[in-house]
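Let's take a walk through this model together, one contact at a time. Have the sequence and the 3D view open as you read.

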Amino acid sequence: MAVYSQLSGREKAAIAVVALGARTASEIFQYLDERKIEQLTMEIAGLGSISPDLKEEALDEFYEAYESEGYLSGDLEYVRQVLERALGRPRAMEIVDKIAASLQEQPFSFAREIDAAQLTSFIENEHPQTIALVLAHLHIDQAASVLSLLPKEVQIEVAKRLAEMDRTSPDVVKEVENVLRDRLLSIGGQDYTAAGGIDALVDILNRVDRATEKTILEDLEEQDPVLAEEVKKLMFVFEDIVLLDDRSIQTVLKEVDMKDLALALKAASEAVMKRIVSNMSDRAAEMLKEDIEFMGPVRLRIVEDAQQRIVNIVRRLDDSGEIIISRGKEDEVLV
């Protein structure tokens, strides 16, 4: 029997969709693009029989992730109905109760209900460390909007503190929350609350508009080049090549050393391989596959170095405007 922790993310998603049932699955598919639907349906087709334990673990993780993004607020009744169909009433109530409790415990929950522009005007005069603490506890898209709206001179200070933030005492979080709550009129163990850090900054920068991202990264490079490089490395990884359109991939391939490409694809996913090969001539694709096949074992570090060189090319072409990296917002409009 498969061990849940050893399954890939796509396998877990497939199990969760099957467990939710056909009706809910069809609703989920309405929000996916054709490529994701194809990947997910292929994964579902290859699942075979699924044990009740695997179904339950997949649904647990699915709803925990769903809750952590804040999508369950005011929607617990719908969640309960879906869970009842999948797991039965006792288990459904157990999960819903756990989710409801965790929702009430989240710091700065009052701020998540405020429009980004209003929230920005409310906190923009606070100390950058306070603003960073608030952003670290917001939904990513909301945090990105607020960061974009902050004055330019404040953005870089907040970005730096957000990246350097690791763990904050719950007493400090509560004190800041109470002050802001009292001023705005809403809500607010000795364990420390994990929030912020480079990953949080990267998630936010990936969702801000291109101008804001560029301003923050340029200023960060001047003030802290090492930190700026760490952030840039995480903002676009080799596997993200699948997000590029065909024209952009073809532009990148013109700049890439074929030896680097063969090395990089040695440990790449099938989706990346397919996107690359589909943008090459038949002869070039065949030669590439032969190079990979006859390459033999290669140290992972060498593969990762080759992937990073290609990522650097992608970033350079994006900076020069020769290609466009989709950032999940409507900030790259062609006219």
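**A bridge to start from**

Start with Asp-246 and Arg-275, whose side chains meet in a salt bridge at 2.6 Å, N to O; the term stands for a side-chain nitrogen of Lys or Arg within 4 Å of a carboxyl oxygen of Asp or Glu. This pair links distant parts of the chain, with Asp-246 in helix H15 and Arg-275 in helix H17, 29 residues apart. Asp-246 is partly exposed, at a relative accessible area of 39%, while Arg-275 is buried, at 17%. Here buried means under 20% relative accessible area, exposed means over 50%, and partly exposed is in between, using a 1.4 Å probe and protein chains only. Helices (H or I, at least four residues) and strands (E, at least two) are DSSP runs, numbered from the N terminus.

Before going further, a word on what you're looking at. This is a predicted model, where local features need pLDDT of at least 70 and side-chain atom pairs count only at pLDDT 80 or more, while totals for chains, interfaces and linings use all residues. Residues are numbered from 1 along each chain as its sequence is written, and side-chain values use heavy atoms, leaving out hydrogens and water.

Stay with H17 for a moment, which covers residues 270-277. Which of its residues are buried? They are Val-272, Arg-275, Ile-276 and Val-277. These buried residues pack against H15, helix H16 (258-265) and helix H18 (282-293).

H16 has a bridge of its own: Asp-260 and Arg-309 meet through their side chains at 2.8 Å, N to O. Again the pair links distant parts of the chain, as Asp-260 sits in helix H16 and Arg-309 in helix H19, 49 residues apart. Asp-260 is buried, with a relative accessible area of 14%, whereas Arg-309 counts as partly exposed at 39%. Elsewhere, Arg-301, Glu-304 and Asp-305 are joined into one network by salt bridges that share partners.

For a bridge inside a single helix, look at Arg-161 and Glu-157, which meet at 2.7 Å, N to O. Both lie in helix H10 (residues 152-164), four residues apart, or about one turn of the helix. Arg-161 is partly exposed at 22%, and so is Glu-157 at 26%. Searching the whole structure turns up seven salt bridges.

Now for the hollow spots. The largest cavity has a volume of about 50 Å³; a cavity is a set of points on a 1 Å grid over the protein atoms alone where a 1.4 Å probe fits but cannot get out, and lining residues have an atom within 4 Å of a point. A volume is the space filled by probe spheres set on the points, which are joined across faces, edges and corners. Among the lining residues are Ile-241, Leu-244, Ile-276 and Val-314. H15 gives the largest share, three residues, and H15 and helix H19 (300-319) each supply at least two. By class, the lining has ten nonpolar, no polar and no charged residues; Ala, Val, Leu, Ile, Met, Phe, Trp, Tyr, Cys and Pro count as nonpolar, Asp, Glu, Lys and Arg as charged, and the others, Gly among them, as polar.

Finally, how far can you trust the picture? The chain's mean pLDDT, the predictor's confidence in each residue from 0 to 100, is 75, and 69% of its residues reach 70 or more. Confidence is highest in helix H15 (residues 246-255), at a mean of 94, and lowest in strand S2 (residues 193-194), at 46. Where pLDDT is low, the predicted coordinates should not be read in detail.

Terms used: On a 1 Å grid over the protein atoms alone, a cavity is a set of points where a 1.4 Å probe fits but cannot get out, and a pocket is an open set with protein on both sides within 12 Å along at least five of seven lines; lining residues have an atom within 4 Å of a point. Contact means heavy atoms within 4.5 Å.
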